[in-house]
Amino acid sequence: VMASMAHLQKEKLRLQEELLALQEKLAAQENNELSLSLQLQGQVETLKAKLLEQAQEISRLRSEQGGTDAEKHRDLLAAENERLRQEMKACEGELRELQRQQQAPCRDCPHLQENAVLQEQLSQLQREAEEMRAKLVELDLEVQQKTNRLAEVELRLKDSLAERAEEEERLSRRLRDSQETIASLKSQPQQIKYIIKTVEVESAKAKQALCETQSRNQYLQEQVGMQKQVLKEMEQQLQRSQKTEAQLRAQIMMYEAELERAHGQMLEEMQAMEEEKNHAIEEAFSRAQVEMKAVHENLAGVRTNLLTLQPALRTLTHDYNSLKRQVRDFPVLLQETLRSARAEISQAIEEVHSTNRELLRKYRRELQLRKKCHNELVRLKGNIRVFGRVRPITKEDGEGPEAANAVTFDADDDAVLYLLHKGKQVSFELDKVFPPQASQEEVFQEVQALVTSCIDGYNVCIFAYGQTGAGKTYTMEGTAANPGINQRALQLLFSEVRGKAADWDYTITVSAAEIYNEALRDLLGKEPQEKLEIKLCPDGSGQLYVPGLTEFRVQSVEDINKVFESGHIKRVTECTNLNEHSSRSHALLIVTVRGLDRSTGLRTTGKLNLVDLAGSERVGRSGAEGSRLREAQHINKSLSALGDVIYALRSRQGHVPFRNSKLTYLLQDSLSGDSKTLMMVQVSPAEKNTSETLCSLKFAERVRSVELGPVSRKAELGSWPSQEHLEGDSPGSAAPPGRSHASPSPGQLSSRSASIRRKLHTSG
């Protein structure tokens with residue numbers, strides 16, 4: 001409690017000292033401002049007096065003098081008067097500014113800012129002093145309560161001592177009474193003995209009295225024993241009371257010593273606090289004197305600045321007026337400058353835009369030219385052309401991160417696509433890339449040039465490659481409402497044939513087969529389960545054919561639809577975890593176009609192989625079991641054999657393993673350099689299929705680098721056929737087309753040699 005009181009007293013004294021210092025500082029600042037205001041008022045009064053004196057002097061000179069000297073003097077006095085009037089106005093403005101600062105303190109004055117900080121500190125210290133006073137009152141109440149309790153204890157102690165003194169007095173009286181009784185009883189037995197001895201010879205009455213006396217004596221002895229016991233107890237109680245009294249006196253002495261020590265400490269602390277107070281007052285006084293001196297110095301500096309600032313003020317006023325004129329004219333200049341700048345910037349932007357448009361036009365023209373040259377180079381080298389098509393995201397891909405799109409495209413180059421695989425972006429360059437929004441019509445427009453070359457006697461092969469569910473069957477076959485390459489190719493052939501009907505006779509035959517579990521089956525035959533074999537043509541041309549493969553001659557779209565419907569029904573498809581209608585075999589549509597030029601007798605034979613490969617699949621993901629597992633194994637084996645053939649062709653090995661699979665053996669003519677070949681690689685953009693997509697695109701790049709060599713045209717000159725021979729030519733024959741070794745007559749050759757050479761040159 002004493003320590004808290006001392007701390008509170010110190011805080012109180014410190015707060016009082018700071019309050020006094022702040023009040024003194026405020027009073028000094030107010031005195032300084034008042035003195036400055038009085039000084040300025042004195043200057044104003046002095047200027048007014050000078051002005052009056054000058055006016056009187058002017059009037060006196062006007063009355064006394066005349067002529068030119070008086071006018072000159074008058075002009076001088078008028079100029080001086082004007083100067084004094086301006087000085088008076090400046091002083092009045094400064095006076096008003098000081099009065100305004102007194103009424104509303106300026107924000108930039110460091111003394112006022114310090115005053116505000118000190119005011120905040122003073123309010124905070126006052127709040128802390130109030131809190132300390134409240135704590136001091138609480139401590140005073142607690143000390144008062146403890147003092148009251150101590151007084152009560154002392155009163156109770158005094159009452160107890162008084163009671164014990166009375167009890168001791170009472171016990172002493174009883175003790176004295178008991179001693180007197182004992183002394184009286186001690187004096188009585190001699191008489192009794194004597195009576196006993198003297199009554200021994202007396203009568204029975206005397207004996208009875210003697211017995212009564214003895215009993216009484218015994219009773220008195222018992223009373224004496226009891227009194228002795230009571231006296232002993234009283235002595236013990238007196239001793240205990242004396243001990244308790246000694247303890248209480250010791251406690252009282254201890255409390256008195258504690259109070260004396262606390263009183264001494266309080267006096268010492270009060271004396272120390274008084275000394276600290278005096279010391280703080282002295283320090284505050286000295287600090288206030290230093291600050292007062294600094295304020296006086298600042299005031300003197302301000303006065304000096306006021307005297308030196310008057311010429312500067314006039315200069316600044318002139319500069320201000322000139323700047324004001326410039327500011328007034330600045331918006332006009334700014335608008336003119338902005339207009340000119342906007343015009344220049346617009347012109348520069350327009351020039352840049354025109355330059356960019358011209359560069360973009362040139363770039364696109366060069367890109368098309370480069371692609372055209374590349375395609376021509378690919379045609380001359382005989383490279384396998386590779387197109388890529390990305391199917392859209394479907395509901396079968398599911399939802400969430402696994403169904404996210406991992407394939408992106410190049411906005412400037414339609415032959416480049418990017419695959420995001422395991423956080424890394426991999427780029428692939430093909431001959432053409434079709435995004436998901438590309439239509440069947442757009443895809444066919446890129447391949448129709450190859451299809452039409454079949455009419456000119458070239459072998460053409462278009463096959464779709466990719467994982468299961470990537471859209472190969474959709475690209476090749478399509479739907480009834482939106483057909484694919486197969487049906488559109490035949491429609492285009494019919495259109496071309498009708499366009500050349502004036503000079504040429506064409507027959508178009510179609511065959512359909514599938515390779516199921518390494519067995520070649522006829523999809524248009526009466527017994528599709530019958531296994532066919534691939535043989536070499538007996539004419540020694542080295543080409544392959546399939547004995548017993550059914551050929552249908554088609555002449556209209558209705559015939560095409562019948563062929564496709566028959567083949568589609570017999571093709572093997574099943575449902576897997578990856579594709580609801582998964583193709584379980586490789587489907588081949590073989591279109592043979594035989595033409596005859598009626599004017600020259602030139603015969604051409606072109607073959608168009610449209611192949612829908614079965615999709616590669618991972619058995620673990622597709623969930624294939626039993627027969628589905630065996631089908632998947634055969635599909636993967638045949639596709640692996642196709643990869644081996646592509647590797648051998650790419651590395652220009654002497655032996656190409658075409659016979660390792662029925663698929664590669666049947667495609668030998670298309671992959672051995674005597675065919676225009678195009679691979680349509682189908683990929684899925686889903687994140688979960690990125691591994692299969694990566695493998696498909698890498699395989700496509702390898703296929704694109706294969707050079708098959710220049711393609712030869714299948715054309716021959718034969719004897720002039722008769723109309724009956726043309727009509728009797730059976731297009732449905734299963735025999736392979738052979739090269740005729742018959743040559744026309746010399747007359748026919750000589751008459752048509754120029755035309756034949758011209759047509760051969762044009763077709764080549």
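"Buried" here means under 20% relative accessible area, while "exposed" means over 50%. With that cut-off in hand, start with helix α9 of this predicted model: its buried residues are Ile560, Val563 and Gly567. Those three cover an arc of only 65 degrees around the axis, which puts them on the same side of α9. From there, the tour moves on to the cores, an aromatic pair and a few loop residues.

**Helix α9**

- Helix α9 takes in residues 557-570, and at 1.5 Å a residue its 14 residues should span 20 Å; the end C-alpha atoms are 20 Å apart, so the expected and modelled spans agree.
- Turn away from the buried side and you meet a face with the exposed residues Glu558, Lys562, Glu565, His568 and Ile569.
- The cover over the buried residues of α9 includes α8 (485-499), β7 (504-516) and β12 (552-553).

**Helix α8, part of that cover**

- Helix α8 passes the length check too: 15 residues at 1.5 Å each should span 21 Å, and its end C-alpha atoms are 21 Å apart, which agrees.
- Plenty of α8 is tucked away, with Ile485, Asn486, Gln487, Arg488, Ala489, Leu490, Leu492, Leu493, Phe494 and Val497 buried.
- That list mixes in Asn486, Gln487 and Arg488 alongside residues such as Leu490 and Phe494.

**Nonpolar cores**

- As background, nonpolar side chains tend to be buried together in soluble globular proteins.
- The largest nonpolar core has 50 residues, and the members touching the most other members are Tyr465, Leu520, Leu613, Leu671, Met679 and Val681.
- Helix α11 (residues 627-650) gives the most to this core, chipping in seven residues.
- Apart from this core lies another one, of 39 residues, with Val451, Tyr506, Ile560 and Leu610 among them.
- Ile560 ties this second core back to α9, where Ile560 is one of the buried residues.
- Back in the largest core, Leu520 is worth a closer look: leaving aside neighbours within four places in sequence, Leu520 is in contact with Ala513, Glu514, Ile515, Glu530, Lys531, Leu532, Ile534, Val546, Lys662 and Leu666.

**Rings and a lysine**

- Searching the whole structure turns up three aromatic pairs.
- In one of them, the ring centres of Phe387 and Phe434 are 6.0 Å apart and the planes sit at 75 degrees, so this pair counts as edge-to-face.
- The pair links distant parts of the chain, since Phe387 belongs to strand β1 (residues 385-390) and Phe434 to strand β5 (residues 432-434), 47 residues apart.
- Phe387 and Phe434 are both buried.
- Elsewhere, Lys676 lies over the face of Tyr458, 4.4 Å from the ring centre.

**Loops to check**

- Asn517 has a phi near 55 degrees, a positive value in a residue other than glycine; you'll find Asn517 in the loop between β7 and β8 (519-522).
- Arg652 also has a positive phi, near 55 degrees, and is likewise a residue other than glycine.
- Look for Arg652 in the loop between α11 and α12 (662-666); with a relative accessible area of 60%, Arg652 is exposed.
- Gly398 lies in the loop between β1 and β2 (407-409), and a relative accessible area of 36% makes Gly398 partly exposed.
- Gly398 and Lys688 are 290 residues apart in sequence, yet their C-alpha atoms are 9.9 Å apart in space.

Conventions
Residues are numbered from 1 along each chain as its sequence is written. This is a predicted model: local features need pLDDT of at least 70, side-chain atom pairs count only at pLDDT 80 or more; totals for chains, interfaces and linings use all residues. Side-chain values use heavy atoms; hydrogens and water are left out. Helices (H or I, at least four residues) and strands (E, at least two) are DSSP runs, numbered from the N terminus. The expected span of a helix is 1.5 Å times one less than its number of residues. Buried means under 20% relative accessible area, exposed over 50%, partly exposed in between (1.4 Å probe, protein chains only). The arc is that of the directions from the helix axis to the C-beta atoms. Contact means heavy atoms within 4.5 Å. A nonpolar core is a set of buried Ala, Val, Leu, Ile, Met, Phe, Trp, Tyr and Cys residues joined through side-chain atoms within 4.5 Å. Rings of Phe, Tyr and Trp (its six-membered ring) pair if their centres lie within 6.5 Å; planes under 30 degrees apart count as stacked, over 60 as edge-to-face and the rest as tilted. A charge sits over a ring if NZ of Lys or CZ of Arg is within 6 Å of the ring centre and within 35 degrees of the ring normal.
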